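Biologist: Give me a close look at the sheet in this model. Start from a spot beside it, then work inward, and keep it brisk.

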Amino acid sequence: LRKIHGPVGVAVGARSPAEIAVAILADLVQQRRRRAGAPRIAGIVLAAGPASRMGRHKLVLPVHGKPMVAHAVEAAAAAGFDPVIVVTGHEAAAVRRAAGNTPVTFVQNNDFARGLSTSLRAGIGAVPPECEGAVVLLGDMPGITAPLIEKIVKAFDPAEDRAICVATAQGQRGHPVLWGRQFFPELEALEGDAGARVVMDRYPGLLYEVQAGSGAPLADIDTPEALEAISRQFPVSVLD
């Protein structure tokens, strides 16, 4: 079962049988032309939190015409991750609908109230054993694009001591972060609401910073003011 690639189809918004067929053929070409020797990387979109500071469930709120979480999910799919894993928790059904028709694997985290670490653990636990690493994205960062993700993946080379690749902006580390498989046990051992930065700090010699060229890696949306500002900070051309 682990050798089966699915769900099949590139996320092009296909609806009719003919469009679905085109999406499937495109996925076949993508898999066949995958760069020889390139590592298989999974994408993990964390979308389980209750978003208490927003006052309502932020991940389903519209940003430039589509739900906030859909931007992260579509960027992960466009980057060619195999698989794309979406970790749900609070209002899981609404998040699933907001993710649209993009082929993803949903993982439910019923312990989401115990902190971010539980979602990270759920996502890492769903990564197939054939994957050499996983990129962790946050569902509330719609400014992250597929080209930035691909740049991070291209930088990944554990043999050259680039086993953790993190997007940076304005001299600060943000998201996404690509973690080599060797760090999975430590990520799964995290507890509470602590993120993975503590693990990152343990391995400065294996860390590689990828300059984003925009403020997107630092721009998560937690408040109504941040939601209003995102349209000014990242135009539609960047988000899409």
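Modeller: Aspartate 111 is partly exposed, because its relative accessible area of 39% falls between the 20% limit for buried and the 50% limit for exposed. Keep in mind that this is a predicted model. Aspartate 111 lies in the loop that links E5 to helix H4 (116–125). Along the chain, 63 residues separate aspartate 111 from alanine 48, yet their C-alpha atoms are 9.3 Å apart.

Now the sheet itself. Seven strands make it up, in the order E5-E4-E1-E6-E8-E7-E9. The sheet is open, and its pairing is mixed. Strand E5 (105–108) and strand E9 (207–211) are at the edges, each with a single partner strand, so each has one side without a neighbour in the sheet. From one strand to the next, the twist averages 25°. In the whole protein there are nine helices and nine strands.

One helix to follow here is H2 (residues 68–78). H2 packs on the sheet and touches strand E1 (41–47), strand E4 (84–88) and E6. The direction of H2 makes about 175° with that of E1. Histidine 71 sits in H2. With a relative accessible area of 3%, histidine 71 is buried, because buried means under 20%. The side chain of histidine 71 reaches the backbone oxygen of valine 63 at 2.7 Å.

Next, take strand E8 (residues 172–180). E8 pairs with strand E6 (residues 133–138) through four bridges, in the antiparallel sense. Two of the facing pairs can be named. Alanine 134 is opposite tryptophan 179 in E8. Valine 135 has leucine 178 of E8 as its bridge partner. In a regular strand, side chains alternate between the two faces of the sheet.

E8 also pairs with strand E7 (residues 164–169), again antiparallel, over five bridges. Here alanine 169 faces glutamine 172 in E8. E7 and E8 make a hairpin, with two residues between them. In that turn, glutamine 170 has a positive phi of about 55°.

Tryptophan 179 deserves its own look. Leaving out residues up to four places away in sequence, tryptophan 179 touches Glu132, Gly133, Ala134, Val136, Ala163, Ile164, Phe184, Leu187, Ala196, Val199 and Met200. So its bridge partner in E6, alanine 134, is also on the contact list, because contact means heavy atoms within 4.5 Å.

That leads to the core. The largest nonpolar core holds 68 residues. Phe81, Trp179 and Leu187 touch the most other members. Helix H2 supplies the largest share of this core, seven residues. Nonpolar side chains in soluble globular proteins tend to be buried together.

Last, the overall figures. Of the 240 residues in the protein, 48% are buried. Among contacts with a separation of 6 or more, 70% link residues 24 or more positions apart. The accessible surface comes to about 11800 Å², and carbon and sulfur atoms hold 52% of that.

How values were computed
Residues are numbered from 1 along each chain as its sequence is written. This is a predicted model: local features need pLDDT of at least 70, side-chain atom pairs count only at pLDDT 80 or more; totals for chains, interfaces and linings use all residues. Side-chain values use heavy atoms; hydrogens and water are left out. Buried means under 20% relative accessible area, exposed over 50%, partly exposed in between (1.4 Å probe, protein chains only). Accessible areas come from the Shrake-Rupley method with a 1.4 Å probe; for residues, only the protein chains shown count as cover. Two strands pair if DSSP finds at least two bridges between them. A nonpolar core is a set of buried Ala, Val, Leu, Ile, Met, Phe, Trp, Tyr and Cys residues joined through side-chain atoms within 4.5 Å. Axes are lines fitted to C-alpha atoms, for helices over the stretch in contact, and angles run from 0 to 180 degrees between N-to-C directions. A polar contact is a pair of N or O atoms within 3.5 Å; within protein, one must be able to donate a hydrogen and the other to accept it, and residues adjacent in sequence count only if both atoms are side-chain atoms.
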